[in-house]
Amino acid sequence: MSTGKINVQTENIFPIIKKFLYSDNEIFLRELVSNATDATQKLKALTSMGEAKGELGDLKIEVKVDKAAKTITIKDKGIGMTAEEIEKYITQIAFSGAEEFVTKYKDKVDKNVVIGHFGLGFYSAFMVAARVEIFSLSYKEGSKAVRWECDGSPEYTIDENTTKTDRGTEIVLHVAEDSLEFLENSKIEGLLKKYCKFLPVEIVFGT
């Protein structure tokens with residue numbers, strides 16, 4: 001297991017994300033399902049080019065709520081990530097000037113543009129989660145599954161995971177006490193219909 005610190009310019013970047021970028025906390029599901037869709041579409045493209053081997057299999061994205069465990073899980077069967085890719089795409093956020101930009105223009109620009117530009121979509125998870133885990137296994141031959149965990153501070157841990165054996169990525173949100181409304185099936189179903197209805201990958205939730 002290794003530990004590290006997310007590459008941000010300030011210890012207070014998470015409050016900035018919450019206050020300025022994600023005032024509408026329900027969009028976390030849109031962002032995470034969109035990421036899962038991207039991973040799935042990338043696998044399709046790599047397979048069609050002969051760069052990804054093996055059967056595609058069932059590519060549905062699964063969204064699960066465990067009310068007892070207070071978790072929401074978004075699972076895809078896309079390209080997955082290696083430990084090195086998680087370090088690159090999750091922990092090395094391109095925050096150069098982001099804090100100043102957001103503070104200065106928070107009332108003048110489209111927040112979605114800021115989110116997309118700085119690659120912050122994944123971090124919308126912390127709008128509703130006290131802790132987030134990533135379990136991922138890359139499509140690349142010989143890859144080992146990895147687990148990443150962060151509690152909303154710049155500190156994180158990443159280690160090899162021996163329980164995940166299927167390709168793709170699972171994002172597990174340990175829902176915060178002030179966001180328990182998102183553990184209601186009707187709430188999640190409504191958000192999926194609102195934000196994810198026309199995505200090009202089938203999404204499975206509940207029955």
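**Figure 1. The hairpin of strand 2 and strand 3 and its neighbouring strand in a predicted model.** In the hairpin of strand 2 and strand 3, 4 residues lie between the strands, and K70 takes a positive phi near 60°. Helices (H or I, at least four residues) and strands (E, at least two) are DSSP runs, numbered from the N terminus. The two strands of the hairpin run antiparallel and are joined by 5 bridges; two strands count as paired if DSSP finds at least two bridges between them. K64 has T73 in strand 3 as its bridge partner. Strand 2 is also joined by 3 bridges to strand 8 (residues 203-205), and these two run parallel. There, V63 has F205 as its bridge partner. In a regular strand the side chains alternate between the two faces of the sheet.

Residues are numbered from 1 along each chain as its sequence is written, and side-chain values use heavy atoms, with hydrogens and water left out. The model is predicted: local features need pLDDT of at least 70, side-chain atom pairs count only at pLDDT 80 or more, and totals for chains, interfaces and linings use all residues.

**Figure 2. Confidence along the chain.** The pLDDT, which is the predictor's confidence in each residue from 0 to 100, averages 82 over the chain, and 76% of the residues score at least 70. Over residues 94-98 the pLDDT is below 50, and this stretch has 11 contacts in the model beyond near neighbours in sequence; a contact means heavy atoms within 4.5 Å. The pLDDT is also below 50 over residues 112-118, a stretch with 16 contacts beyond near neighbours in sequence.

**Figure 3. The surroundings of K77.** K77 is found in the loop between strand 3 (71-76) and helix 3 (83-91). With a relative accessible area of 18%, K77 is buried; buried means under 20% relative accessible area, exposed over 50%, and partly exposed in between (1.4 Å probe, protein chains only). Not counting residues up to four places away in sequence, K77 touches L43, D58, L59, K60, E62, R167 and G168. One of these, E62, forms a salt bridge with K77, the closest N and O atoms being 3.8 Å apart. The pair links distant parts of the chain, with K77 in the loop and E62 in strand 2 (residues 61-66), 15 residues apart. Both K77 and E62 are buried.

**Figure 4. Salt bridges between E184 and K67 and between R147 and E133.** A salt bridge is a side-chain nitrogen of Lys or Arg within 4 Å of a carboxyl oxygen of Asp or Glu, and by this rule the count comes to 18 salt bridges. The side chains of E184 and K67 form one such bridge, at 2.8 Å from N to O. This pair links distant parts of the chain: E184 is in the loop between strand 7 (168-175) and helix 6 (185-195), and K67 is in the loop between strand 2 and strand 3, 117 residues apart. E184 is partly exposed, with a relative accessible area of 34%. R147 and E133 also meet through their side chains in a salt bridge, at 2.9 Å from N to O. R147 lies in strand 5 and E133 in strand 4, so the pair ties together parts that are 14 residues apart in sequence. Both R147 and E133 are buried. Salt bridges that share partners join R131, E133, R147, E149 and D159 into one network.

**Figure 5. The buried residues of helix 3.** E85, I86, I90 and T91 are the buried residues of helix 3. They cover an arc of only 165° around the axis, which puts them on the same side of helix 3; the arc is that of the directions from the helix axis to the C-beta atoms. These buried residues pack against strand 4 (129-137), strand 5 (146-150) and strand 6 (155-160).

**Figure 6. S2 in strand 1.** S2 lies in strand 1 (residues 2-5) and counts as partly exposed at 33% relative accessibility. Not counting residues up to four places away in sequence, S2 touches Y156, T157 and I158. The C-alpha atoms of S2 and D159 are separated by 6.0 Å, although the two residues are 157 residues apart along the chain.
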